[in-house]
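The exercises below are intended for a reader who meets this structure for the first time. Each task is followed by a solution that proceeds step by step.

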Amino acid sequence: MRVAALGSGSRGNSLLIEAGSTRLLVDAGLSGRQIQRRLAALEIEPASVAAIIVTHEHRDHTSGIGVAARRWGWPLYMSRRTATACRSLLSGEEEVRVFEREATFRIGGVEVHAFLTSHDAADPLAVTLTDSESGLKIGVATDLGRPTGPVRNALRACHFLVLEANHDDLLLRDGPYPWSVKERIGGSRGHLSNRMAAELAAELHHPELGGVLLAHMSEECNDGPLALRTVAEALSGMDYRGLIDVATQERPTPLYDVAALRSRVMDGEQLHLFAGGSGRT
Ligand SMILES: [Zn+2]
Ligand SMILES: [Zn+2]
């Protein structure tokens, strides 16, 4: 099973997941051109992608869903309320596969479990994706103000986690936004801070966790090394030896091989790779 962020941040999010011959995107908040370019950088043909799972209607997750669905025929999986909220983005030609909130369904060789997060959208979801062949499980939780009990439960026993580390509390407090925006970002239906991401990662740590990718970083109120350090400190207290990296807005991350990371961690190797921590993103 492999995973890469095509891009992540308030200007556009899209994640590629591969399990056997099944490839999926979680969100498509980049232009059709950028999606094509970034897939090409990872040597992925658009025709090989089976579908897009849409987590919520915010534009940084959906701006490319209409064009991508029409250009490449990718079906869009979204909850009923999200589909309604996305109506203006779609022409009616797209194939939309609606599910009820908090659903479990299968796309090719991937079992998808979608569950509600605390965020100011119609039906905001996080997902886990399990490879039905290998049993490997990837958890994806961005756009959440707080890691609620159901989210923490659903993310247990993942072999790779994509977690939001949106802002540093002090940089948000002292940053350029008006007070109302700061309240929204830092509020319980906003975005997860580095500190809360670190606590969540430490809580979810287990001996088979091979990688943690930090995502949806604020360009104004965070920086890569700070987010990495905050989460790495919490995880090193748990004796975590796996990969920690940060997804950026401008370019895709490498394709991480989840099985290989898991085996290397279980073999006792010290991975802690900070290669993607490229400063401000
Ligand atoms: Zn977002
Ligand atoms: Zn959002």
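**Exercise 1.** How many of the residues of strand β3 (residues 22–26) are buried?

*Solution.* The model is a predicted one. A residue counts as buried if 20 or more other C-beta atoms lie within 10 Å of its own. By this criterion, five of the five residues of β3 are buried, and the strand is mostly covered. The next step is to sort the side chains by direction. In a regular strand, side chains alternate between the two faces of the sheet. In β3, Thr22, Leu24 and Val26 point one way, whereas Arg23 and Leu25 point the other way.

**Exercise 2.** Determine which strands pair with β3, and in which sense.

*Solution.* Strands of a sheet pair through backbone hydrogen bonds, either parallel or antiparallel. Consider β2 (residues 14–19) to begin with: five bridges join β2 to β3, and the two strands run antiparallel. Within this pairing, Glu18 has Arg23 of β3 as its bridge partner. The hairpin of β2 and β3 has two residues between the strands, and Gly20 takes a positive phi near 60 degrees there.

Consider β4 next: β3 and β4 pair in the parallel sense over four bridges. Here Arg23 has Val49 of β4 as its bridge partner. From β3 the chain reaches β4 through helix α1 (residues 32–41), in a right-handed β-α-β crossover.

**Exercise 3.** Place these strands in their sheet and identify its edges.

*Solution.* The strand order is β6-β5-β4-β3-β2-β1-β14; this is an open sheet of seven strands with mixed pairing. At its edges are β6 (96–99) and β14 (256–257), each of which pairs on one side only. One parallel pair in this sheet is β4 (residues 49–53) with β5 (residues 76–79), joined by two bridges. Ile52 stands opposite Leu76 of β5.

**Exercise 4.** Why is one side of β7 and of β13 left without a neighbour in the sheet?

*Solution.* Begin with the strand order: seven strands form an open sheet in the order β7-β8-β9-β10-β11-β12-β13, with mixed pairing. β7 (104–107) and β13 stand at the edges and have a single partner strand each, so one side of each lacks a neighbour in the sheet. From one strand to the next, the twist averages 15 degrees. Helix α8 packs on this sheet, where it touches β11 and β12 (211–215), and its direction makes about 160 degrees with that of β11.

Within the sheet, β9 (residues 125–131) and β10 (residues 137–141) pair in the antiparallel sense over four bridges. Thr128 has Gly139 of β10 as its bridge partner.

**Exercise 5.** Describe the packing of α8 against α9.

*Solution.* Two packed helices are described by the angle between their axes and the distance between the axes. For α8 (residues 194–204) and α9 (residues 224–236), the angle is about 30 degrees and the axes are 8 Å apart. The crossing is right-handed. Residues that make the contact include Ala198 and Ala201 of α8, and Leu226 and Val231 of α9. Classified by type, the contact residues are nine nonpolar, two polar and three charged.

**Exercise 6.** Is Asp239 buried or exposed?

*Solution.* A residue is exposed if 12 or fewer other C-beta atoms lie within 10 Å of its own. Asp239 has 8 such atoms and is therefore exposed. Asp239 lies in the loop between α9 and β13 (243–246), and has a positive phi of about 65 degrees although it is not a glycine.

Note on methods. Residues numbered from 1 in each chain as written. Chains lettered and ligands numbered in written order. Predicted model: local features only at pLDDT ≥ 70, side-chain atom pairs only at ≥ 80, totals over all residues. Axes fitted to C-alpha atoms, helices over the stretch in contact; angles between N-to-C directions. Left-handed = near helix turned anticlockwise from the far one by under 90°. Contact = placed C-beta atoms within 7 Å. Nonpolar A, V, L, I, M, F, W, Y, C, P; charged D, E, K, R; others polar. Pairing = 2+ DSSP bridges. Right-handed = clockwise from strand over helix to strand, strands pointing away.
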